[in-house]
Amino acid sequence: MRRILLLLALTSCIDGDQMIERDEPEIPPFDLSSAQTGDFAAFMACMNYDDFVASNMAPAWSTIAMTNQTGTCTGCHTADGMFSGDAQEFFDTLKQRTYVQVQFFTFDRVNDVVDVNEETIPRVGKAVVPYTEHPRFNANKGLDATYALYQRTMTRLASNNCK
Ligand code: HEC
């Protein structure tokens with residue numbers, strides 16, 4: 001038992017760069033081992049900072065209001081890196097961390113299809129189990145930005161314009 005506690009303490013201390021690819025949620029929304037293969041990896045690699053800015057990702061996600069209390073996504077989720085009002089920081093984290101990528105995008109490994117994750121964040125915003133304690137919000141504004149980024153990235157991929 002003590003050993004398990006020690007391990008837990010150790011893992012919670014390890015942070016930053018060396019954990020970038022391993023920082024996964026306890027209950028993955030889908031098979032994370034598939035996430036960085038094939039088209040998903042190509043999609044993430046092609047994602048471009050100018051497109052990220054043009055899609056309004058940081059302003060949109062950082063200004064969604066809670067409907068049942070005060071606060072913003074960034075107020076609580078800056079430490080875990082899920083969202084940031086700082087475009088560069090948000091972009092860098094999204095590019096590097098699978099955990100963050102799968103909040104925004106899905107990958108259907110069988111059909112090799114990347115798509116916008118319309119499920120996870122809205123479910124959290126509706127406080128669906130297991131997120132019953134989570135503050136409520138309407139994710140549409142953020143999803144619009146994610147769609148814009150998705151479309152720009154797909155266009156780049158299709159026209160072989162990744163840089
Ligand atoms: C008052 C603090 C607070 C605010 C504001 C907040 N969150 Fe959270 N969020 C949490 C906590 C704590 C958890 C983990 C516990 C839980 O699931 O309820 C969480 C979990 C989540 C998860 C699930 C992550 C996972 O690994 O399953 C998502 C997605 C999420 N939040 C998105 C958002 C978005 C989007 C906003 C803004 C619109 C937001 N949160 C605002 C505190 C907050």
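Leaving aside neighbours within four places in sequence, which residues is Trp61 in contact with?

**View 1. Trp61 and its contacts in the core.** In this predicted model, Trp61 is in contact with Cys73, Phe83, Gly142 and Ala145, once its neighbours within four places in sequence are set aside. Trp61 also belongs to the largest nonpolar core, a set of 27 residues in which Met57, Trp61 and Phe90 touch the most other members. Helices H2 (38-46), H4, H6, H7 and H9 (140-158), together with strand E1, are the elements that give two or more residues to this core.

**View 2. The whole chain, for orientation.** Before moving further in, it helps to have the layout at hand. The protein chain holds nine helices and two strands, and along the sequence they follow the pattern α-α-α-α-α-α-α-β-β-α-α. Of its 163 residues, 23% count as buried. Among contacts between residues at least 6 apart in sequence, 62% join residues at least 24 apart.

**View 3. The buried face of helix H6.** In helix H6, which covers residues 87-96, you will find Phe90, Phe91 and Leu94 buried. Seen down the axis of H6, the buried residues fall within an arc of 95°, so they line one face of the helix. What covers these buried residues includes helix H3 (49-54), helix H4 (57-62) and helix H7 (98-104). Phe90 is worth picking out here, as it is one of the residues that touch the most other members of the largest nonpolar core.

**View 4. Met44 beside H6 and H7.** Met44 is found in helix H2. Is Met44 buried or partly exposed? Met44 counts as partly exposed, because it has 19 other C-beta atoms within 10 Å, whereas a buried residue needs 20 or more. Met44 and Leu94 are 50 residues apart in sequence, yet their C-alpha atoms are 8.6 Å apart in space. Beyond four places in sequence, Met44 is in contact with Lys95 and Gln101.

**View 5. The two faces of helix H9.** The 19 residues of H9 should span 27 Å at 1.5 Å a residue, and the 26 Å between the end C-alpha atoms of H9 agrees with this. On the inside of this view, the buried residues of H9 are Gly142, Leu143, Ala145, Thr146, Leu149, Tyr150 and Thr153. Down the axis of H9, these residues fall within an arc of 155°, so they line one face of the helix. Two of the buried residues, Gly142 and Ala145, are the ones in contact with Trp61. Turn to the face of H9 away from its buried side, and there you meet the exposed residues Asn140, Thr155 and Ala158. Just after H9, Asn160 takes a positive phi of about 55°.

**View 6. The hairpin of E1 and E2.** Strand E1 (residues 105-108) and strand E2 (residues 113-116) pair in the antiparallel sense over four bridges. At the turn end, Asp108 has Val113 of E2 as its bridge partner. Four residues lie between the strands of this hairpin, and Asp112 has its place in that loop. Although Asp112 is not a glycine, it has a positive phi of about 60°. Asp112 counts as exposed, because it has 12 C-beta neighbours inside 10 Å.

**View 7. The loop between H8 and H9.** Where does Pro130 sit? Pro130 has its place in the loop between helix H8 (120-125) and H9, and a cis peptide bond with omega of about 5° joins Val129 and Pro130. Ala127 lies in the loop between H8 and H9 as well. Ala127 has a positive phi of about 60° although it is not a glycine. With 15 C-beta neighbours inside 10 Å, Ala127 counts as partly exposed.

**View 8. Where the prediction is less confident.** The protein chain averages a pLDDT of 82, and 77% of the residues score at least 70. Confidence is lowest in helix H1 (residues 2-13), with a mean of 40, and highest in H3, at 98. Over residues 1-22, pLDDT stays under 50, and the model has four contacts beyond four places in sequence for this stretch. Residues 27-37 also keep a pLDDT under 50, and for them the model has 16 contacts beyond four places in sequence.

Methods:
Residues are numbered from 1 along each chain as its sequence is written. This is a predicted model: local features need pLDDT of at least 70, side-chain atom pairs count only at pLDDT 80 or more; totals for chains, interfaces and linings use all residues. The arc is that of the directions from the helix axis to the C-beta atoms. Two residues are in contact if their C-beta atoms, placed from the backbone, lie within 7 Å. Two strands pair if DSSP finds at least two bridges between them. A nonpolar core is a set of buried Ala, Val, Leu, Ile, Met, Phe, Trp, Tyr and Cys residues joined through C-beta atoms within 7 Å. pLDDT is the predictor's confidence in each residue, from 0 to 100. The expected span of a helix is 1.5 Å times one less than its number of residues.
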